[in-house]
Structure formats: structure tokens, C-alpha cells
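Please look over the sequence and the coordinates shown below before reading on. The paragraphs that follow move through them step by step, from single side chains to helices, loops and a whole chain.

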Amino acid sequence: MDPDTRFSLPSLLCEEDESSLQETKLVSSPKSEDDLYIRSLIETESKSNDYGCVCVCDDDNSRNWLKCARLDAVNWIFSTREILGFQFRTAYLCLTYFDRFISRRFIDNGKDWAIQLLCIACLSLAAKMEELMVPSLSHYKAQGYNFESSVIQRMELMVLTTLEWKMSCITPFSYLHHFLPKINDERDYDGFLVSKAIDLILDFSKDVNSMDHRPSVVAIASVLLACDDQLTRNTMEFKIGVLSSFYSLEKEHIHSCYNLLKEIQTKKNNTPCSISLTTHWSPSSTVKRKLRFEQSCPLQKISRRL
Amino acid sequence: MSNRGNSSGSGSNSNISSSNRPEWLQQYDLIGKIGEGTYGLVFLAKIKSNRSKSIAIKKFKQSKDGDGVSPTAIREIMLLREISHDNVVKLVNVHINHIDMSLYLAFDYAEHDLYEIIRHHRDKVNQAINQYTVKSILWQLLNGLNYLHSNWIMHRDLKPSNILVMGDGEEQGVVKIADFGLARIYQAPLKPLFDNGVVVTIWYRAPELLLGGKHYTSAVDMWAVGCIFAELLTLKPLFQGQEVKATPNPFQLDQLDKIFKVLGHPTVEKWPTLAHLPHWQTDQQHIQGHKYDSPGLYSVVHLSPKNPAYDLLSKMLEYDPRKRITAAQALEHEYFRMEPLPGRNALVPPQPGEKIVNYPTRPVDTNTDFEGTTSLQPAQQASGNVSGGMGPHVMPTRNVPRPMHMVGMQRMQQQSMAAYNLASQAINPANIPMQRGVAAQPHQQQQQQQLRRKDGMGMPGYPQQKSRRF
């Protein structure tokens, strides 16, 4: 951001150059304006009944299938993000669409194509919201299925109406750059901490449904963990003391989210990557995928009951 | 995949030809086409069940084959779904035509817009708009804009044709801000206006944008309001620059020239960030070399520098966006506290004896059908001398398309929400036979409906603060 705009009168400041979209770049924004915006986001979260709601599958079969299907979906979304050069926040936004859709509509067991089609529609919609350059629908390659553009468009419409056109969802990425300098006194010159926090958020999102925790809580917990993985309840409260009262954040939730993030990291570090990164329908693979529920879910401890 | 809702599907493979229209369309009587723009066509329709209600239906042009749902449509619907204010156009329904996947937005219809009102005064009655009307329009425009800015939304395309005024009825004379095709939420990525593939008039564009500023703020909307204010006073666009259509980044020197001629040359002393604006740096010769004998804004708008109206206008046309007055501040300005006080019905002054101007109704082209095809019905003109259609070609002074939103007198929130649900029932993405949901237990349905009902009524989760501290 232009240094001269830093002390600007409050107004809606937006940037349109591409450099601002690099997530590893730390931006400092006009303080009061940004604070107000962050506060309004947190207020929005607390009024929303999107978070912490219970998923509706109650038989084990469906739950297991959906759990695996979601993990495959996340892997497809993340690798397609890389191929198409989207930002991380776009992939995460896509995942929030996916999770919200799944919480409102039922997908029958084994309807693998429906999950894939849903992923494509969600990623395309997220790109339309977040990216400056949006590829045409033919660039989204599903494994084993070839969806025509008109089919994807129909699915886009279905997602839009199911989510009641509320496409500007809050994600942890809305907060990251705001929280980091408030928690870490030293400047993150090379963007190391931001990258680390982003990694944590992405790993977390593979295991945990995006509707389970408030995005602000995930953002602050991942920033805390990126800065220090040895925080106790007390030291953490000390670190976020000012912040949490300013934004009325719930310390309890931040603490449990911090521990959950840490647990996921520990598990990840102890798991051979060949298993943990298994993806069944990666976009680059050409083998038609067969779902095998029994073996295909390496990450067992999923906090949300899918 | 299956539905959780239990209402019956709409638009299930019915034909869209005029003889056999989809269900949603059958609730309307189509009167004709009233506008055309980059994003599609606008039609005037009546609701069959209540012929007194007029609705403007905006049909989005099909996006390019293979691009899916247009990002502009998504943004506009998303924003309009979440905002609700007296001075912002009211979206009453979203319809999806499932055959060709086209999108239709239904709005309350507004008979007038500032473009037509100004034109009528300039070309027909040859008389200035009365003080009360100017002040009431400006106040309501600022009131709507303050609401948008408080909710972190920038409009970015304010111009007279996007400012609507309600005709006869309960909301007569109420101003409505319309056309959110370019509006943005704070933090959303910004495409440069010039490569949005959109015709945006440059007459109302703020100098920081014209000089290539990449970090712009809600102050760009206030500049546009200033230009519109001046136009209401003088009946002429304040800065009528010649647009350069070159791509990819046209430098609008003529527009800047027009501004500098009236407001004088901007200086780094008065506007410190000026030095960082791309065109200011690269086009030194053109811009900075020029000397302007500024005649002064007051002589252009025929106002005394001591007049509060002039004071407010000059604060809206402040070069430095950081010093430019905000909508919230403008609403508190002395101008609005002196007689005549602004009122809700901008068209009819409260004082008896004041002359009431009868503005012409919008011309309707009854030749064009919803699909944009021309039918064989004879043309009817509601009024005016427009002969067939309302494209820019019949209005030589307008260099921008017709406004895309019209507003009527109606409130039908309940109905509209029902229709959103309805719309979500009928899509079968792959045209693959789908099973109805096995797991849609009654309590879930109930939960879902409750959720929807809540969503529909109060739009939870949207920042509702009335005004942000500026």
C-alpha cells in the first residue's frame, strides 16, 4: 500500500494492483478504518448462525462417505488452485461454499460425480469473487468426468441459490494481515509468519469443516501458533489480552482452536506424507477413480462429525 | 443430489416461447422494453395479481459461452440481496430461466431518473429545477450513499441515469440509487474500471481515478455526487470531457483538462499524494505544463461563494480524496438546515402555490419481447418523442447506456424470499436423473425452513450500523 494513504481520512480504501494480492506481503492499512472494518466482520460472524451448527448426516455410512468425499474435494481444490494460479484465499472461500452447500443439501452415498461437479462450481464461483483473472469453465478438469460448461453453469446456479446468493463469506484470510502485526511485535519482513499461518489454516481446513469455527478464531489461533507453538493458556491470554477485549473475541474458543491446530500439525509431522497426501482424483492423474471407503481416509480424527 | 425443501419445482423444462412461458414469468404481464445497457435489457411489467404494481425486470445478457454465470450478475445480486434502504433500489425477486440459464432481476419500478428530469428542464420547460427539489434529491442521494458506505460498499458508477426517482404513488418523489453492477465491498479485489469491459462514463469520474490512482476510496462516489449536484443546478454536465476509447489504459486528458479549467490546477501542496499518481508522474508535460486560468467554480454554477450550496459543492469537489467531504458529513452540512428544508417527496414542494412540474413517463417499446426478439405488435409510445427503442442512438446527448434499474411502489419481501427458495429447487446440473433425498428427515426440513425464514426477514449477519464514524 502506498505509504501516503496510510494516514488517510477514513474511507473505503481499496487496492487494485496485483501486488496487493500476494498474500505473503504484509500490508499496513489505515488503522482506524481497518479496525472498524475488522470489528464489523467480527460482529457479522457473531450474528450469523452459520458457525458451529450441526451437520445433518446421522448414519455412519453416509458420514464416512462424506468425510472421505470432503477430503478428496479439499485435495482437488488445493491442487487445482495451484494449477490455475489462484490465491489461497480463493481455495478457502471455495471450501466454505462447499461446506455450506453440503450442510443444506444432501448428496447420496457414492455420488462421486456430484461432489466433483460441486467442487468445480464452487471453485469457479470463488474465483469470480476473488480473482482478477477468471479462467473459462473448460479449464477446470475433473478426474474421470468431463463436464460440459453448461452443466457446470447449472451447478453454479444451484450453488448460488442454495447459498441464497450470499457469496461474500468471511474467511480467516480476511483477518490474517490484520491480526499478525498485533500479535507479533516484530515486522514479518519476509512474510515467513504469514506463510506459516496460511499453511496452518489450510491443513486445518482439510480436517475441520469451515463452519465449525468462527473465521476470526481460526485466524487468530493460526497466527498465535505460527509465532509460538509453546503457548500455555496463560501466556496465550497475555498475548491476546488487548486484542480480545477490543474485538470481544472468546479466549476459550481461541485456546481450543490453537490446541486443535497444534494437534493437526503434530499428527501431520508424524504421518508419512505418502499417506497423508493421498488424493484420489487429483487433476493431473488420469486414472478413473473408484471410491473405496475403507481405505481412502487416512486422517481419522476429524473433529466435525461429518 | 436432492432437495431439502418441499416446495414444488419451477421452470422444469417448460418452454420459454411467448405462448408457453415458464411459471415465474406467468405472474407478470409484460408491457415492453424500457431500457438497454451493457448488461442486458430492462422491461416494464405488471404483476397479474395486482395490476397497480409496476415492476422493472432486468434481463442479464447471457455471458460468453463457457464462462458460466456472469461475475457481474453474481456481485450485483449478492449486494442487492443484502442491502435494504429507502434510498436504494429494491430488488424484489431473482428469477432463473432454467432452459437457457438466463437471470432476471425484478425491481420496484421507478418512473423517473435524474437524467430525464434534468433533460426535461433543459430541453422542454427551459427552467431551472426548483431549490426544494434539488436539495431533496441531493439529501436523499447522500442518505442512500451514507448507508452504502457505512456498509462498506462503494458504488463506483454514480451518474444521473443511475439515480431514480419514484413516480405517482405512496413513494412519490423518493430517490433510489440503482445499478450496482460495478459496486464493490471493502477488501474485494478491484479490477481497473477501464478493463471491466463496461462502458463507464468519465464525466463523473474522480481526478484520482483519472490520474491512474490504484488505491481509491469511497471518496470517488462523493466526487460523482458533486458533479451531479452541479448538474442539477445548471442542467449541464459540469465536466463534459471527450472520452478516449483506446485500450488498455486510456489516459483521459480531456476530462482532466475540463476539470482543471474550472477548479484550477491541483498542487502537491494541497494534495500531497498527487505526486504518487501514475499519470501525474508520467504525463508531466501534458498535465503539469499546462497553465489554467481558472474562472472559478462559483461562476460556472452561478452561486455566490458565500452561499452554503456553493460551500457544500466545493467540499465535494475537493481534489484531495482524503479531504473531500464524506456522505455522513455532507448530510450535516448547513445547506440542509436552511430553508427550503429537504423533504421525502422531492417532486412536490410542501409549500402550496409552488409550481409542480409534470415529468414525462418513461417511453415503452412494446415491440420487444422478453427474449429480446422483436414481435409484430404495433409500437406504442407512452409519451415523449422517442421513436422506437431507448438505445443510446435515440438520445444523442447520452454517451452511456440506459439505466438498468427501475423502481416501483411496492414492497413484497415475503413473496420475493419464497421465490428464492423456489428457484433453488429446480436445477438438475448434469441432467442426470437424481434421486430424491433419502435423508431429508422432517426435523431437518423444519430446521432448514427456519433458517431460511430467518435469513429472508432480517438478513442476519450483515453490518447494520446506521452510520460509521468518519
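Does A:Arg104 count as buried or exposed, and at what relative accessibility? In this predicted model, A:Arg104 counts as buried, because its relative accessibility is 7%, below the 20% under which a residue is called buried. The side chain of A:Arg104 meets that of A:Glu164 in a salt bridge, with 3.2 Å from N to O. This pair links distant parts of the chain, since A:Arg104 lies in helix H3 (residues 88-104) of chain A while A:Glu164 lies in the loop between helix H5 (149-162) and helix H6 (173-183) of chain A, the two being 60 residues apart. A:Glu164 is buried too, with a relative accessible area of 5%, and the backbone at A:Glu164, just after H5(A), takes a positive phi of about 55 degrees.

The helix that precedes this residue deserves a closer look. H5(A) is mostly covered, for 12 of its 14 residues are buried, and among them are A:Val151, A:Ile152, A:Met155, A:Leu157 and A:Leu160, together with A:Arg154 and A:Glu156. The geometry of H5(A) can be checked against a simple expectation: at 1.5 Å a residue, its 14 residues should span 20 Å, and because the end C-alpha atoms are 20 Å apart, the two values agree. The count that enters this estimate is one less than the number of residues.

Helix H4 (residues 112-130) of chain A allows the corresponding check, as its 19 residues should span 27 Å at 1.5 Å a residue and its end C-alpha atoms are 27 Å apart, which agrees. As for cover, 19 of the 19 residues of H4(A) are buried, so this helix is largely enclosed by the rest of the structure.

A salt bridge can also lie within one helix. A:Glu43 forms one with A:Lys47, the closest N and O atoms being 3.4 Å apart, and both residues lie in helix H1 (residues 31-47) of chain A, 4 residues apart, about one turn of the helix. An α-helix has 3.6 residues a turn, so residues three or four places apart point the same way. A:Glu43 is partly exposed, with a relative accessible area of 38%, and A:Lys47 likewise counts as partly exposed, at 38% relative accessibility.

In chain B, B:Lys261 forms a salt bridge with B:Asp257, and the closest N and O atoms are 3.2 Å apart. Because B:Lys261 and B:Asp257 are 4 residues apart in helix H7 (residues 253-263) of chain B, about one helical turn separates them. The cover on the two partners can be stated for each: B:Lys261 counts as partly exposed at 43% relative accessibility, whereas B:Asp257 is buried, with a relative accessible area of 14%. Turning from pairs to networks, A:Arg233, A:Glu237 and A:Glu252 are joined into one network by salt bridges that share partners. Over all chains, the count comes to 27 salt bridges.

Two loop residues of chain B show what surrounds a covered position. B:Gly66 is found in the loop between strand S3 (50-60) and helix H2 (71-82) of chain B, and B:Gly66 is buried, with a relative accessible area of 11%. Apart from residues up to four places away in sequence, B:Gly66 touches A:Ser136, A:Leu137 and A:Ser149. B:His333 is found in the loop between helix H12 (327-331) and helix H13 (413-423) of chain B and counts as buried at 9% relative accessibility. With its neighbours within four places in sequence left aside, B:His333 is in contact with B:Pro308, B:Asp311, B:Leu312 and B:Lys315; of B:His333 and B:Leu312 it can be added that they are 21 residues apart in sequence and 7.0 Å apart in space, C-alpha to C-alpha.

Chain B as a whole has 14 helices and 11 strands. Strand S1 (residues 28-37) and strand S2 (residues 40-47) of chain B pair in the antiparallel sense over 8 bridges, and a hairpin joins S1(B) to S2(B) through 2 residues, with B:Gly35 standing opposite B:Val42 in S2(B). Of the 470 residues in chain B, 58% are buried, and among contacts in chain B with a separation of 6 or more, 71% are between residues 24 or more positions apart. The accessible surface of chain B comes to about 19100 Å², and 51% of this surface belongs to carbon and sulfur atoms.

Conventions. Residues numbered from 1 in each chain as written. Chains lettered and ligands numbered in written order. Predicted model: local features only at pLDDT ≥ 70, side-chain atom pairs only at ≥ 80, totals over all residues. Heavy atoms only, no water. Buried < 20%, exposed > 50% of the residue type's maximum accessible area, 1.4 Å probe, protein only. Contact = heavy atoms within 4.5 Å. Areas by Shrake-Rupley, 256 points an atom, 1.4 Å probe, with all protein chains shown as cover. Pairing = 2+ DSSP bridges. Salt bridge = Lys/Arg side-chain N within 4 Å of Asp/Glu carboxyl O.
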